[in-house]
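Here is a short tour of a protein chain, written for someone who likes to work with geometry. Have the viewer open and follow along from the surface to the interior.

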Amino acid sequence: MKPINFVGRSSEPQIDFSIVDTWLEAGPHAVLSPVGGNNNIRPNNSQNNHHGHHRPISSTISRYACRILADREEPAKVYVYAAGFDSSKNIFLGEKATKWQKKNGEYDGLTTNGVLILHPNRNNEITNMNNGGSNDSTENSTSEMYEWREVSVDGDIYSLRETRSSQKRGSLKLDESNQLQDGTLIDLCGATLFWRSAEGLKHSPSRLELERRLDELNAGKPQCPVNLNTLIIPKKKASKGATSRQPYVYMRCGHVQGKHEWGVIRKPAEGNVTKFKCPICMIDSERVIQLTMGMESAFHLDSESLDYSFNPCGHVASLQTVRYWSRIPLPHGTNSFHPVCPFCTSLLSSEKPYIRLIFQDHCDY
């Protein structure tokens, strides 16, 4: 075997990829609604900090989190192992890490917060779609093919511990492998890595294909029924506020419109509750969501019509893509799992993780 990459929080020279917790890099999200403030910005608790600075929060990612190795004879075969080498070229495990001696006399262990892997089966997902899977159902059940496991220092696979940092390891899974597949997720308790194989990327949509699909959608000149202007779905959220051509979707009905104040009902007596009445179907929604294209091609399953968006972030993708990611629960914190948008890591709504988009387009006569 030949080492490819050492991954961890440490910035020492032997670490090929130094990573930080996802929430530290995400920063404040853009405003999701055309009215109201940004509820996703982390509060500045300056009353508890005399200097007005954020109190640093320690990372949950190990300094030497994992190793990714490729087979010398068959480089397409790549494997992941927990933990990495320190500056003395020794495998490093923290004092609280779980360690044990195996029956063959070798020692093995787990990192303090664990290295979790998930091997999703995209073929089963696509087969389900081709066999009449619901077109826009937000199925609550999560298939067993999306099951997280923990990998040890020696590369063995175990079921999850009762808690992320428990001293008691899970049960050994002799029939499962640490070999990475196209689409394998590697969670380091603070950041999740997404493995794509060279062969898998060949069959994935390219950025040019996604841009072509987006151009086709915008070429239909979707209209806002209130402002009577043409809307354009952007490739990324505007940093200086939305323009009059920025589209928004009503969460409940899926109708896409521009920014306007029609049908916005504010109820200060009920705790500043705001409702948004759709002018087309008259259905009330709790929010309207700013739409933008998800442009990272590695996250897309196909280049089909961009008829759906993740809820609540508004990233636009195809049906297969939103169904796929909405059914994969990613580790959230140390004890919970929750589906997220792959483009921005926003937690998806458990009630309605994605929305079917209804455009008022091709209106030229």
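## The chain as a whole

Let's begin on the outside: the accessible surface of the chain comes to about 19600 Å², and carbon and sulfur atoms account for 49% of that area. Please keep in mind that this is a predicted model. The chain has 365 residues, and 46% of them are buried.

As for secondary structure, you will find five helices and 25 strands. Contacts also tell us something about the fold: among those between residues at least 6 apart in sequence, 62% join residues at least 24 apart.

## An aromatic cluster

A search of the whole structure turns up ten aromatic pairs. A pair of this kind is described by the distance of the ring centres and the angle of the planes. Take Phe194 and Phe299: their rings form a tilted pair, 5.5 Å centre to centre and with 40° between the planes. Phe194 belongs to strand β13 (residues 192-194), while Phe299 sits in the loop between β20 (292-293) and β21 (308-310), so this pair ties together parts that are 105 residues apart in sequence.

Phe299 has a second partner in Trp325, and here the geometry is edge-to-face, with 5.8 Å between centres and 85° between planes. Because Trp325 lies in helix α5 (residues 319-326) and Phe299 in the loop between β20 and β21, the pair links parts that are 26 residues apart in sequence. Is Phe299 buried or exposed? Its relative accessibility is 17%, so Phe299 counts as buried, the cut-off being under 20%. Trp325 is buried as well, at 4%. Phe194, Phe299 and Trp325 are joined by Phe310, Tyr324 and Phe343 in one aromatic cluster.

## Thr321, a neighbour in α5

Thr321 also has its place in helix α5, and its relative accessible area is 0%, so Thr321 is buried. Which residues does Thr321 touch, leaving aside its neighbours within four places in sequence? They are Phe299, His300, Leu301, Asp302 and Phe310. Phe299 and Phe310 are both members of the aromatic cluster described above.

## Helix α4 and its two sides

Helix α4 covers residues 207-219, 13 in number. From its first C-alpha to its last, α4 reaches 18 Å, close to the 18 Å expected at 1.5 Å a residue.

Within α4, the buried residues are Leu210, Glu211, Leu214, Leu217 and Asn218. Looking down the axis of α4, you see these buried residues fall within an arc of 120°, so they line one face of the helix. They pack against β20. Leu208 and Ala219, on the other side of α4, are exposed. After the helix comes Lys221, which has a positive phi, near 50°.

## Two more spots to visit

A charge over a ring can be found at Trp100: Arg169 lies over the face of that residue, at 4.3 Å from the ring centre.

Finally, have a look at Ile289 in strand β19 (residues 288-290). Ile289 counts as buried because its relative accessibility is 0%. How far apart in space are Ile289 and Tyr250? Their C-alpha atoms are 6.6 Å apart, although 39 residues separate Ile289 from Tyr250 in sequence.

How values were computed:
Residues numbered from 1 in each chain as written. Predicted model: local features only at pLDDT ≥ 70, side-chain atom pairs only at ≥ 80, totals over all residues. Heavy atoms only, no water. Phe/Tyr/Trp six-rings, centres within 6.5 Å; stacked < 30°, edge-to-face > 60°. Helix = DSSP H or I, 4+ residues; strand = E, 2+ residues; numbered from the N terminus. Buried < 20%, exposed > 50% of the residue type's maximum accessible area, 1.4 Å probe, protein only. Lys NZ or Arg CZ within 6 Å of the ring centre and 35° of its normal. Contact = heavy atoms within 4.5 Å. Areas by Shrake-Rupley, 256 points an atom, 1.4 Å probe, with all protein chains shown as cover. Expected span 1.5 Å × (residues − 1). Arc of directions from axis to C-beta.
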